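Please walk through this model with me, from its sheet outward to its helices and loops. Keep the structure in view as you read.

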Amino acid sequence: MEYSIDLKNVASTYDLHEAIKETLDLPSYYGENLDALYDVLEEMSSDVTINFVNCADAYDSIEKYMEALEEMCQELDNDIEINFYK
């Protein structure tokens with residue numbers, strides 16, 4: 001399964017997590033932070049690809065958080081393919 005999370009016009013961590021939550025159809029109790037996202041991604045099967053697209057706005061607005069997101073994705077113990085496209 002392949003997901004495309006569009007980050008165009010993302011200006012805050014709230015916007016980022018809303019885009020993730022909507023695209024991945026996460027439950028309302030999703031914690032909207034990197035720890036909660038890590039837990040969700042760890043539970044996904046390895047035949048998943050997640051593409052973060054139009055990332056330029058997010059990097060401009062929340063650069064350090066985006067860098068932390070990328071780092072967290074690299075630490076996952078499963079074989080999910082995660083890509084970031086500006």
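T49 has its bridge partner, E81, in strand 3. The model shown here is predicted. T49 belongs to strand 2, residues 49-53, and four bridges join strand 2 to strand 3. The two strands run parallel.

Now take in the whole sheet. It is open, has three strands in the order 1-2-3, and pairs in the parallel sense. Strand 1 (2-6) and strand 3 (81-84) are the edge strands, each pairing on one side only. From one strand to the next, the twist averages 15°. Helix 4, residues 63-74, packs on this sheet and touches strand 2 and strand 3. The direction of helix 4 makes about 155° with that of strand 3.

Move to the other side of strand 2. Five bridges pair strand 1 with strand 2, again in the parallel sense. One residue to find here is I5, whose bridge partner in strand 2 is F52. Which side chains of strand 1 are buried, and which are not? The side chains alternate along the strand. Y3 and I5 point to one face and are buried. E2, S4 and D6 point to the other face and are not buried.

Next comes the largest nonpolar core. How many residues does it hold? It has 29, and L7, L41 and I50 touch the most other members. Strand 1, helix 1, helix 2 (34-42), strand 2, helix 3 (56-61) and helix 4 each supply at least two residues of this core. L7 is worth a closer look. Setting aside residues up to four places away in sequence, L7 touches L16, A19, F52, V53, N54, C55, D57, A58 and M66.

L16 and A19 lead on to helix 1. In this helix, L16, H17, A19, I20 and K21 are buried. The buried residues of helix 1 pack against strand 1, helix 2, strand 2 and helix 4. An α-helix has 3.6 residues a turn, so residues three or four places apart point the same way.

K21 and E22 both lie in helix 1. Are they buried or exposed? K21 has a relative accessible area of 18%, under the 20% cut-off, so K21 is buried. E22 has a relative accessible area of 68%, over the 50% cut-off, so E22 is exposed. K21 is in contact with L26, P27, S28, Y30 and E32, leaving aside neighbours within four places in sequence. E22 can also be placed relative to strand 1. The C-alpha atoms of E22 and I5 are 8.7 Å apart, with their positions 17 residues apart along the chain.

Now compare how the helices pack. Two packed helices are described by the angle between their axes and the distance between the axes. Helix 1 and helix 4 pack at an angle of about 40°, and their axes are 10 Å apart. The pair is therefore oblique. T13, L16 and H17 of helix 1 make the contact with Y65, M66 and L69 of helix 4.

Helix 4 also packs with helix 2. Here the angle is about 30° and the axes are 11 Å apart. Angles under 35 degrees count as roughly parallel, so helix 2 and helix 4 are described that way. Helix 2 passes helix 4 in a right-handed crossing. On the helix 2 side, the contact residues are L34, L37, Y38 and L41. They meet Y65, A68, L69 and M72 in helix 4.

Finish with the backbone. Most residues other than glycine have a negative phi, and most peptide bonds are trans. Where does N9 sit? N9 is in the loop between strand 1 and helix 1. Its phi is near 70°, a positive value in a residue other than glycine. At 60% relative accessibility, N9 counts as exposed.

D25 follows helix 1 and also has a positive phi, near 55°. E32 comes in the loop between helix 1 and helix 2. E32 is not a glycine, yet its phi is positive, at about 50°. With 24% relative accessibility, E32 counts as partly exposed. E32 is also one of the residues in contact with K21.

Notes. Residues are numbered from 1 along each chain as its sequence is written. This is a predicted model: local features need pLDDT of at least 70, side-chain atom pairs count only at pLDDT 80 or more; totals for chains, interfaces and linings use all residues. Side-chain values use heavy atoms; hydrogens and water are left out. Buried means under 20% relative accessible area, exposed over 50%, partly exposed in between (1.4 Å probe, protein chains only). Two strands pair if DSSP finds at least two bridges between them. Axes are lines fitted to C-alpha atoms, for helices over the stretch in contact, and angles run from 0 to 180 degrees between N-to-C directions. Contact means heavy atoms within 4.5 Å. A nonpolar core is a set of buried Ala, Val, Leu, Ile, Met, Phe, Trp, Tyr and Cys residues joined through side-chain atoms within 4.5 Å. Angles under 35 degrees count as roughly parallel, over 145 as roughly antiparallel, 65 to 115 as roughly perpendicular and the rest as oblique. A crossing is left-handed if the near helix is turned anticlockwise from the far one by less than a right angle, and right-handed if clockwise.
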